[in-house]
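Grab a coffee and open the viewer. Below are a few exercises to work through with the structure on screen, each followed by a solution.

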Amino acid sequence: MRFSTTTEGDYQIYAGAVGGQRGDGFVATVVVNRVRGNVDKPREAYRDEMLAGGHRWPSPEAARLYAVAKAREVIRMEQHRLAC
């Protein structure tokens, strides 16, 4: 499992690449936490552990790039999907 972290506005994006069960590529996964605007502590706003229906990406970097792009899309254009 390989992760990267980036910030988008009030949100922290944790993008990951998880190796396929049969060694056949990497599955993109993402967790988005709201880090600003909360009184107490960061809160999970969005999670998807099998982006693109479990599509296998050829490299961990490709999976992470897709995860970050999807998280940014949710934050910018689909805020109704965010829990907070």
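## Getting your bearings

The protein chain folds into 1 helix and 5 strands. Keep in mind that this is a predicted model.

**Exercise 1. In what order do the elements of the protein chain run from the N terminus, and how does its radius of gyration fit the globule rule?**

Step 1. Start at the N terminus and read along: the order is β-β-β-β-β-α.

Step 2. Now check the radius of gyration. For the protein chain it is 13 Å, and the globule rule gives 12 Å for 84 residues, so the chain is as compact as a globular protein of that length.

Step 3. Add the dimensions. The C-alpha trace spans about 45 × 20 × 15 Å along its principal axes.

Step 4. Look at what is covered and what isn't. Buried residues account for 39% of the 84 residues. The chain exposes about 5100 Å², with carbon and sulfur atoms supplying 49% of that.

**Exercise 2. Find the salt bridge between Asp10 and Arg34. Which parts of the chain does the pair link?**

Step 1. A bit of background: side chains of opposite charge can pair when their charged atoms come close.

Step 2. Check the distance. The Asp10 and Arg34 side chains are 3.3 Å apart, N to O, and the cut-off for a salt bridge is 4 Å, so the pair qualifies.

Step 3. Place both ends. Asp10 is in the loop between β1 (2–8) and β2 (11–19), while Arg34 is in strand β3 (residues 26–34). They're 24 residues apart, and the pair links distant parts of the chain.

Step 4. Is Asp10 buried or partly exposed? Its relative accessibility is 30%, so Asp10 counts as partly exposed.

**Exercise 3. Work out what goes on around Lys70, Glu73, Glu78 and Arg81. Which side chains meet in salt bridges?**

Step 1. Begin with Lys70 and Glu73, whose side chains form a salt bridge at 3.3 Å, N to O. Both residues sit in helix α1 (residues 60–77), 3 residues apart, which is about one turn of the helix.

Step 2. Move on to Glu78, in the segment after α1. The side chain of Glu78 pairs with that of Arg81 in a salt bridge of 2.7 Å, N to O.

Step 3. Sort the four by accessibility. Lys70 has a relative accessible area of 18%, so it is buried, and Glu78 is buried too, at 17%. Glu73 is partly exposed at 29%, and Arg81 is partly exposed at 36%.

Step 4. Join the two pairs through contacts. Leaving out residues up to four places away in sequence, Glu78 touches Lys70 and Glu73. With the same neighbours left out, Lys70 touches Leu51, Glu78 and Arg81.

**Exercise 4. How many salt bridges does the structure hold, and which residues make a nonpolar surface patch?**

Step 1. The structure holds 9 salt bridges. Besides the pairs above, look for the network of salt bridges that links Glu8, Arg72 and Arg76.

Step 2. Turn to the nonpolar patch. Met1, Phe3 and Tyr14 make one of about 350 Å² on the surface.

Step 3. Zoom in on Phe3, which is found in strand β1. Its relative accessibility is 46%, so Phe3 counts as partly exposed.

Terms used. Residues numbered from 1 in each chain as written. Predicted model: local features only at pLDDT ≥ 70, side-chain atom pairs only at ≥ 80, totals over all residues. Heavy atoms only, no water. Helix = DSSP H or I, 4+ residues; strand = E, 2+ residues; numbered from the N terminus. Buried < 20%, exposed > 50% of the residue type's maximum accessible area, 1.4 Å probe, protein only. Contact = heavy atoms within 4.5 Å. Patch = residues over 30% accessible without salt bridge, like charges linked within 9 Å, V, L, I, M, F, W, Y side chains within 5 Å. Areas by Shrake-Rupley, 256 points an atom, 1.4 Å probe, with all protein chains shown as cover. Rg over C-alpha atoms; globule rule 2.2 N^0.38 Å.
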